[in-house]
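Shall we read a fold together, one feature at a time? Bring your questions, and we will go from the general idea to the case in hand.

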Amino acid sequence: MVLLHVKRGDESQFLLQTPGSAELEELTVRVTRLYNGRLKVQRLCSEMEELAEHGVFLPPNMQGLTDEQIEELKLKDEWGEKCIPSGGSVFTKDDIGRRNGQAPNEKMKQVLKKTIEEAKAIVSKKQVEAGVCVTMEMVQDALDQLRGAVMIVYPMGLPPYDPIRMEFENKEDLAGTQAGLQVIAESEAQLWWAAKELRRQKKLADYVGRNEKTKIIVKLQQKLEENDDDSCLNSPWADNTALKRHFHGVKDIKWRPR
């Protein structure tokens, strides 16, 4: 099996094993799904940390409002009244105003936090240092563990607009967010090795040979993401004649007849 060390830019992401005979179309999709799957686990862990501290998401029309504004507008958090954590809640105000402040008690909070740490470890970049290859089964296991923890603490479920529930139902809306910029569409993904694009029409062995003990570093990127800005072509340093004038000491001299 060929060992792939997958990077995004210069940052290590995960290790992956694949036969040299792998079709690059399938391999590119596989790498992208693993990359996006790890991002999903990380997003869930981040939101679940907030859930453990401040309870469920407020309705969109109540987020960011003061208690006085909510009372004045006669708004009501109907889902918040249904979604009471197991064992009761402890009020911990969310200063950002995204969650309702009805946090789980200490015991239930620890259920969430322990599971979050375990899920983070499964998809951690430290797995690269440990020489552990990551699989979609491992990513799915992390997702299942997180889902199970939420069900223990909130057996009635979460509000339909809570980002945690939306992630579990694959209905997350990442438009306009930093998290959304990190996700790579499978159809737009490219793998690069040794300054060459690994073209989807070929096999991995066409590039790395038939040695199944090969170890390579591949970079995952969005199609044209590093070449989609050609404004640099209009820069002075991209102008050959400007460069010559600079070295001959005649930069910006205006010539006119005597």
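**Reading the sheet and its surroundings**

Q: Which residue in β7 does leucine 3 stand opposite?
A: Leucine 3 faces lysine 215 in β7. Keep in mind that we are looking at a predicted model.

Q: How do I read the pairing of strands in general, and which strands does leucine 3's pairing belong to?
A: Strands in a sheet are paired by backbone hydrogen bonds, in either a parallel or an antiparallel way. Here, strand β1 (residues 2-8) and strand β7 (residues 215-222) run parallel and are joined by five bridges. Histidine 5 has isoleucine 217 as its bridge partner in β7.

Q: What is the strand order of the open sheet?
A: The five strands follow the order β2-β1-β7-β5-β6, and the pairing is mixed. Each of β2 (11-18) and β6 (196-197) has a single partner strand, so these two stand at the edges with one side lacking a neighbour in the sheet.

Q: Do β5 and β7 run parallel or antiparallel?
A: They run antiparallel, with four bridges between them. Tryptophan 192 has lysine 219 as its bridge partner in β7, and leucine 191 is partnered there by leucine 220.

Q: How many bridges pair β5 with β6?
A: Two bridges, in the antiparallel sense. Lysine 196 in β6 is the bridge partner of tryptophan 193. The hairpin of β5 and β6 has two residues between the strands, and alanine 194 in this hairpin takes a positive phi near 50 degrees.

Q: How should I think about the two faces of a sheet, and which strands does helix α1 touch?
A: The general idea is that side chains in a regular strand alternate between the two faces of the sheet. In this model, helix α1 (residues 24-54) packs on the sheet and touches β1, β2, β5 (189-193) and β7. The direction of α1 makes about 135 degrees with that of β2.

Q: What span should the 31 residues of α1 have?
A: At 1.5 Å a residue, the expected span is 45 Å; the end C-alpha atoms of α1 are 45 Å apart, so the two agree.

Q: How many residues of α1 are buried?
A: Of its 31 residues, 22 are buried, so α1 is largely enclosed by the rest of the structure. Just after α1, glycine 55 takes a positive phi of about 80 degrees.

Q: Is histidine 54 buried or exposed?
A: Histidine 54, which lies in helix α1, has a relative accessible area of 15% and is buried, because buried means under 20%. Leaving out residues up to four places away in sequence, histidine 54 touches Thr92, Lys93, Asp94, Arg99, Asn100, Gly101, Gln102 and Ala103. Histidine 54 and threonine 92 are 38 residues apart along the chain, and their C-alpha atoms are separated by 5.7 Å.

Q: Where is phenylalanine 14 found, and what does it contact?
A: Phenylalanine 14 is in strand β2 and counts as buried, at 0% relative accessibility. Beyond its neighbours within four places in sequence, phenylalanine 14 has contacts that include Leu4, His5 and Val6, together with Val31, Leu34, Tyr35 and Arg38, and also Val128 and Val134. The C-alpha atoms of phenylalanine 14 and threonine 135 are separated by 9.4 Å, with their positions 121 residues apart along the chain.

Q: How are aromatic pairs described, and how many does the structure hold?
A: In general, a pair of aromatic rings is described by the distance of the centres and the angle of the planes. This structure holds zero such pairs. There is a charge over a ring, though: lysine 82 lies over the face of tryptophan 79, at 4.4 Å from the ring centre.

Q: How many helices and strands does the protein chain have?
A: The chain has 10 helices and seven strands. Buried residues make up 38% of its 258 residues. Among contacts with a separation of 6 or more, 69% are between residues 24 or more positions apart.

Methods
Residues numbered from 1 in each chain as written. Predicted model: local features only at pLDDT ≥ 70, side-chain atom pairs only at ≥ 80, totals over all residues. Heavy atoms only, no water. Pairing = 2+ DSSP bridges. Contact = heavy atoms within 4.5 Å. Axes fitted to C-alpha atoms, helices over the stretch in contact; angles between N-to-C directions. Phe/Tyr/Trp six-rings, centres within 6.5 Å; stacked < 30°, edge-to-face > 60°. Lys NZ or Arg CZ within 6 Å of the ring centre and 35° of its normal. Buried < 20%, exposed > 50% of the residue type's maximum accessible area, 1.4 Å probe, protein only. Expected span 1.5 Å × (residues − 1).
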